[in-house]
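Reader: I am in my first year and would like to learn how to read a protein model step by step. Could you take my questions one at a time?

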Amino acid sequence: MANGKKFLILLLVALILGGGYFAAAHFLKEDADGEDASQEEGVAVQAMQSEDIVGIRFLSGKQEIRLVKEQEQWFLDSDRSYPLNQAYPTTMAADAAKLSAKRLVSESKDDFEEYGLANPSTAYVFTLSDGTEVTYYIGNYNNYGDSYYMNVAGTEQIYLISADFLADFDHDLTSMAEVEEMRTASTDEVTKMVLTLDGKTTQLFYAQEGLSTVYSRDFTWFLDSKTPADAVASRSLVGSAVNYTSTGCGAYKATEEQLTSFGLDAPVLTLEVAYTVSEEIETGELDEDDKPITETKTTDCKLKLTVGKQADDGSYYAKLADSPVVYLIDAEYMDTLRAFDFGTLRSGDVCAVRSVDIVSVDVTADGKKSTISLSRTQQEDGSETIRYTLDGKQITASDYNSFYSSIQGMVGEGFAEKQVQGDPVITVTYHTTVKNFETMTLQFIPYDQNFYLTDLNGRREVLVNKRDVESVLEAFRALQAQEE
């Protein structure tokens, strides 16, 4: 018995000095008489208490993992700073102590070879508080009942145990690390996003009140300081970009060498996000009902996500700029962004001139130019009344709104791939109160048999359906008919 123990110690020393790894067979000790195992099913195969277990040793792939418990806290023996999730060793110890067999198969070591226990490839070693070591050897798999044959070192009994026990140890170091959750932002918090994916960069930013460089405050998402973006597509892309979560840990404290091996020195994706976080804080004062008075505190925040290579399981290595942790994120995150139609970010709005900004509208159609004037009167109660006239003759608000809405309700159905020449079938010029955009001229130019090309102050790109332009003409002709 003593010689066998000495042999084990020499093997473990060789592992540490040589940098290799040991197979579970190296745990084998000289056989010794053990206590008789019970013939009854469901009886523990080893008499020990989980609280007495102070060491756990096993192999994860080619890596030996040694866990030790000191003052009720579990540590990685080789690195006490490793952020070990306490749930893993706690579960291992508890399940090892209460392990019960499905049945006793044999009580003779002569059967070890038959059941894969003569030279087992898997073993779990538990050190007790009195220095005793208990080793569980795992043999062949039994398809019936998803089970394994096992033996406790120093005994001759062969048991059949559930495969569920082995699942407790099916973890490598990175999966057992307890790291902070990946910081992210919600879509509603984002004010700016710069996304570089597969070498192509897309920028979006949000301005709740619009931009002074853009003619309408109805636009809130922008590609640059003068180019509005489609709001729905922008929110969709931002939502997808910040919708990442960790599926595991690649390294809890990555070295430069690891960062390179993970592909983070040449990332396939970088995401930079600016966002705001608002919280209600108490001022220390009370209102008239003696309730605390609060105020909103807004904090500007930033984050940068870098995504590198794919790991063996298909996930991607990812790192936040302010964290030493390399996370794993699901491949679906990258698939979603790669599948996104970035062309939809271009605004397909035909004309977003706001009604409240309009002073008058010149309309040229059917070879005739007419002017719609809007005269606003402020009432004593603060409300506003508007009088509409077409070439000096009053028209109803309903008919004006039908014409105005026929344009505002238009949705672009594509973008021009060629330039066309020709006279517009209708020209609408808005005179507004918006600084630097006092005049906004919209023209509809024939493009092909199905579409018209719009020209808004020189921006010629949005295509609209021919039927929609015909609806605009019909709405204006209805105004003219009312005037007559």
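Author: Gladly; please keep in mind throughout that this is a predicted model.

Reader: Among the contacts in the chain with a separation of 6 or more, what percentage comes from residues 24 or more positions apart?

Author: Here we set aside pairs that lie fewer than 6 positions apart and look at the contacts that remain, where a contact means heavy atoms within 4.5 Å. Of the contacts with a separation of 6 or more, the share that joins residues 24 or more positions apart is 59%.

Reader: What radius of gyration does the chain have, beside that of a compact globule of 484 residues?

Author: The C-alpha trace spans about 115 × 65 × 45 Å along its principal axes. A compact globule of 484 residues would have a radius of gyration near 23 Å, whereas the value for this chain is 37 Å.

Reader: Which strands form the edges of the open sheet of nine strands?

Author: The order of this open sheet is β21-β20-β19-β18-β23-β24-β25-β26-β22, and its pairing is antiparallel. An edge strand pairs on one side only, and this is the case for β21 (393–395) and β22 (414–415).

Reader: Which residue of β26 does Leu456 stand opposite?

Author: Strand β25 covers residues 451–456 and strand β26 covers residues 459–465, and the two pair in the antiparallel sense over five bridges. Within this pairing, Leu456 stands opposite Arg459.

Reader: Which helix do the buried residues of α4 pack against?

Author: Helix α4 runs through residues 231–241, and its buried residues include Ala233, Leu237 and Val238. These buried residues pack against the strands β9, β10, β11 and β14, and also against the helix α6 (331–339).

Notes:
Residues are numbered from 1 along each chain as its sequence is written. This is a predicted model: local features need pLDDT of at least 70, side-chain atom pairs count only at pLDDT 80 or more; totals for chains, interfaces and linings use all residues. Side-chain values use heavy atoms; hydrogens and water are left out. Two strands pair if DSSP finds at least two bridges between them. Helices (H or I, at least four residues) and strands (E, at least two) are DSSP runs, numbered from the N terminus. Buried means under 20% relative accessible area, exposed over 50%, partly exposed in between (1.4 Å probe, protein chains only). The radius of gyration is taken over C-alpha atoms; the globule rule is 2.2 Å times the number of residues to the power 0.38.
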